[in-house]
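Good morning, colleagues. Please turn to the sequence and the structure, which I shall take as the subject of this short talk.

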Amino acid sequence: MDITSATASGADPEIGVTIGVDPAVIPYGTIVLINGKEYVAQDTGNYTGNHIDILCESEAAAQRLGTYKTKVYIKSKEGK
């Protein structure tokens, strides 16, 4: 998989850490908990609102993860 050299926030993307978000809903740098795992809002995509995209190592891995609804907890916001 070809991973870009930088995310929309300027951070280096990390598989299993970087998530794409609508920055108007979840600001860049925010750490969130999804199913007990920490992720960092560092990128965006072609979506708005309550949608999160987890960076995976491949398209096949993303398809295995699939699309689902779950609770997301804000652990901390950038600068706090």
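Leaving aside its neighbours within four places in sequence, which residues is I54 in contact with? They are T18, I19, Y39 and L65, where contact means heavy atoms within 4.5 Å.

Before I continue, a note on the basis of these statements. This is a predicted model, in which local features need pLDDT of at least 70 and side-chain atom pairs count only at pLDDT 80 or more, while totals for chains, interfaces and linings use all residues. Residues are numbered from 1 along each chain as its sequence is written, and side-chain values use heavy atoms, with hydrogens and water left out.

I turn now to the strands, which are DSSP runs of E of at least two residues, numbered from the N terminus. Two strands pair if DSSP finds at least two bridges between them. Strand β3, residues 37–43, pairs with β1, residues 18–20, in the parallel sense over 3 bridges; there, A41 is the bridge partner of I19. With β2, residues 31–34, β3 pairs in the antiparallel sense over 4 bridges, and V40 in β3 stands opposite I31. The hairpin of β2 and β3 has 2 residues between the strands, and N35 takes a positive phi near 50°.

Finally, the largest nonpolar core, a set of buried Ala, Val, Leu, Ile, Met, Phe, Trp, Tyr and Cys residues joined through side-chain atoms within 4.5 Å, buried being under 20% relative accessible area with a 1.4 Å probe, protein chains only. This core has 8 residues: I19, V21, I26, V32, I34, Y39, A41 and I54. At least two of them come from each of β2 and β3.

Note on methods
Buried < 20%, exposed > 50% of the residue type's maximum accessible area, 1.4 Å probe, protein only.
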